[in-house]
2 protein chains.
Amino acid sequence: MDQRVREHADVLVDWSARIDAGDDVVVAVSEGSHDLAVAVCEALGERGANYVAVYDSDEIERAYRRAHDGEFDEDPGFELSLYEEADAVLRLGRGRNTAAQADVAGETRQAHRTARTGIREARMDTDWVSTVHPTRSLAQQAGMSVEAYREFVYDAVLRDWESLADEMAKTKELLDEGSEVRIETGEQAVEMRIDGRTAVNSAASVAYDSHNLPSGEVFTAPYATEGEITFDVPMTVNSRRVRDATLTFEDGEVVDVSAAQGEQALRDVLDTDPGARRLGELGIGMNRGIDRVTDNILFDEKMGDTVHLAVGRSYGACLPDGETGNESAVHTDLICDVSEDSRILVDGEVIQQNGKFRWEEGFESA
Amino acid sequence: MDQRVREHADVLVDWSARIDAGDDVVVAVSEGSHDLAVAVCEALGERGANYVAVYDSDEIERAYRRAHDGEFDEDPGFELSLYEEADAVLRLGRGRNTAAQADVAGETRQAHRTARTGIREARMDTDWVSTVHPTRSLAQQAGMSVEAYREFVYDAVLRDWESLADEMAKTKELLDEGSEVRIETGEQAVEMRIDGRTAVNSAASVAYDSHNLPSGEVFTAPYATEGEITFDVPMTVNSRRVRDATLTFEDGEVVDVSAAQGEQALRDVLDTDPGARRLGELGIGMNRGIDRVTDNILFDEKMGDTVHLAVGRSYGACLPDGETGNESAVHTDLICDVSEDSRILVDGEVIQQNGKFRWEEGFESA
């Protein structure tokens, strides 16, 4: 076994999920992540934790969903108990074919998801963490050989998380203290309010309210957005390719949209509900171990020298107690490269220019 | 997908486990049984049942057990609840290497097993069924190509179970009404008492107290054994090969043992505890779909024209209420070919000669 698989498991168990002796841990093993599951359960054995391995197979779920009449039982008790009594859930993606469920009808998926709301909430109440093993299917989606993809994944995952968390704390502090963010790219600019909102230092650990490995972004919940921005990082939105989408905001709402490719996919998202036309998230990618786009949101949105805005639902962790923030059935991230010809300002002060933060060597404020 | 995989799934779900709409079913998927799991969950979807797929991997269990300090937590609650609240458990064997746990210390396995006694009992309280998918590892163990092994497995599994159950009911009736069984092979004979005991018609269905697919045997719990018998079907006992073992019984106990190969393996079993020297089971194999030895007890002991005796623990289903029968930590089956030069007698009456039952064409009583 590649020694990095074991290192990945150690980071997941110790840094991300903070597993202790006696913890009850569900390990969700996908079709392609057997080797990582072996290393994770070895680590759990060493720590004296308990495990149940569940088999999280897209091919099985497809077969079940297609065969079912669609009247799914609500939160079957045996599965609900498993998650209600678990301390942590470690999800090890992914399958052997990222399109395995392409022929399951949208209504069926939605009905199955809805029937399992209680199970999902029980899982989210644990110290859950999602990560991926570098499978052939993900390498293919990234347009890479599996060997090169492995290098990419381990560069992103095997970082000095403690020191990245310290650096991201600086960005969080600026956002927590600031009232307004302005993002300038080329001739465009977009502005949004962030006062009263709390940024999350997403440092790939439940200790930081962060549930993805890798992570490496700081995000908050903006509102009252004005201006125009073009997202030049290509994305897949509901299985459709979107390139160079431009959104125009007035009074916090999207009033115009255009794209070099996939404009209709975006229009469909924006038409879902009223909240889908407002922003739910502003995120600043700070993981420089992620140095290329791989068509996987778990990685793309954390890439260093990018920012992303999501239309739709906002995260509770960013909101004052009792506030619901922007509500929507969707949360669609769109990413912008800010490594060149770009500035991020908080309350009129430049905090990043051309990808360099103001505390970094080479930072020049124009 | 081979259509027989779907037929296997249908037999398992309908005939064996009797799954209904709304049933909560744990599907235990081993490393090699993905395709069968897809077919089983498709069948569960059609029936309107619910599933949780657990990943039953020897390689994961090995890594966990070896890494652990051996002080295992007793019956972790999250796993116990899963089985306590399940209606059925379908175990789909097997892994990619039947020797995957060969380097886990015996004490560690035993300690882990013992710590999970409550979980095991909860699982046995459901409508559980064990079956196997024809994997390469099992083909290798059988000394067969995977193609030939598939034919073998489906011949054993895809039977007219209803009519086999009817035929086995005749054997059960003879054993239930009888007081003494005598087995003659060549010059040898062994006799045992069965009065007061109830035979199980093991027809591969929970409706018959039968939890293996394939099955096809009738078994009871004998006692007061006298005489001598040679087991000419080769076996693997605790990873050691045993050939042509002869046991001699006096007053219900083994008083002499010899074997052409593996005698020490048998002596170790017999020395486990006092119950290990007495019989726990007499079984009569009646599945003629199983026509060769494959070094897998799930199949070998059900082979048509064989009988097997097990030293050690007897099954509760064969005993009068409140009786414990023969108690032992072991249950080791030994198999004898009775297709030639053999007779089985109940209370002095020949019920089978040279593999033909007395209700079959070609039966001749000498």
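## A walk through a predicted two-chain model

Let's start in the middle of a sheet: A:Val218 has A:Ile284 as its bridge partner in strand 14 of chain A. This is a predicted model, so keep that in mind as we go. Strand 14 covers residues 279-285, and four bridges tie it to strand 9 of chain A, with the two running antiparallel. On the other edge, strand 7 (residues 200-202) of chain A is joined to strand 9 by three bridges, again antiparallel. One spot to look at there is A:Ser202, which stands opposite A:Glu217.

What about the two faces of strand 9: are they covered or open? In a regular strand the side chains alternate between the two faces of the sheet. In strand 9 (residues 217-220) of chain A, A:Glu217 and A:Phe219 sit on one side, A:Val218 and A:Thr220 on the other, and all of them are buried, so both faces are covered.

Just before this strand there's a backbone detail worth a click. A:Leu213 and A:Pro214 are joined by a cis peptide bond, with omega at about 5°. A:Pro214 lies in the loop that leads from strand 8 (212-213) to strand 9 of chain A. Chain B has a cis bond between B:Leu213 and B:Pro214, also with omega of about 5°. Watch the numbering there, though: in chain B the loop holding B:Pro214 runs between strand 7 (200-202) and strand 8 (217-220).

Now for a helix that packs against this region. Helix 9 of chain A, residues 161-177, has 17 residues and reaches 24 Å from first C-alpha to last, close to the 24 Å expected at 1.5 Å a residue. Its buried residues include A:Trp161, A:Leu164, A:Met168 and A:Leu175, and A:Lys172 is on that list too. Among the elements covering them are strands 7, 9 and 14, which we've just met, along with helix 1 (3-16) of chain A.

Zooming out, chain A as a whole has eleven helices and 19 strands. Is its overall size what you'd expect from a compact globule or not? For 366 residues such a globule would have a radius of gyration near 21 Å, and chain A comes in at 20 Å, which agrees. The C-alpha trace spans about 55 × 45 × 45 Å along its principal axes, and 49% of the residues count as buried. Of the contacts in chain A with a separation of 6 or more, 70% are between residues 24 or more positions apart.

Next, the nonpolar interior. In soluble globular proteins, nonpolar side chains tend to be buried together. Here the largest nonpolar core has 196 residues, and those with the most contacts inside it are A:Val27, A:Val40, B:Val27 and B:Val40. Beyond its sequence neighbours up to four places away, A:Val40 touches A:Ala9, A:Leu12, A:Val13, A:Val27, A:Leu90 and A:Leu92.

How do the two chains relate to each other? Rotate chain A by 180°, with 0.0 Å of shift along the axis, and it superposes on chain B with an RMSD of 0.0 Å. The two copies are thus related as by a two-fold rotation axis. In chain A, the residue that comes closest to that axis is A:Val54, whose C-alpha is 2.0 Å away. Across the interface, 35 residues of chain A are in contact with 35 of chain B. Strand 1 (24-30), helix 2 (34-47), strand 2 (50-56), helix 3 (58-67) and helix 4 (77-84) each give two or more residues to chain A's side, and helix 2 has the largest share, with seven residues. The copies meet through the same surface, since 100% of the interface residues of chain A are also interface residues in chain B.

Finally, two aspartates in chain A have positive phi values. A:Asp75, in the loop between helix 3 and helix 4, has phi near 40°. A:Asp305 has phi near 65° and lies in the loop between helix 11 (297-300) and strand 15 (306-312). Why do they fall into separate burial classes? A residue needs 20 or more C-beta neighbours within 10 Å to be buried; A:Asp305 has 20, so it counts as buried, while A:Asp75 has 17 and is therefore partly exposed.

Methods. Residues numbered from 1 in each chain as written. Chains lettered and ligands numbered in written order. Predicted model: local features only at pLDDT ≥ 70, side-chain atom pairs only at ≥ 80, totals over all residues. Core = buried A, V, L, I, M, F, W, Y, C linked by C-beta atoms within 7 Å. Buried ≥ 20, exposed ≤ 12 C-beta atoms within 10 Å, placed from the backbone. Contact = placed C-beta atoms within 7 Å. Rg over C-alpha atoms; globule rule 2.2 N^0.38 Å. Pairing = 2+ DSSP bridges. Least-squares fit on C-alpha atoms with pLDDT ≥ 70 in both. Expected span 1.5 Å × (residues − 1).
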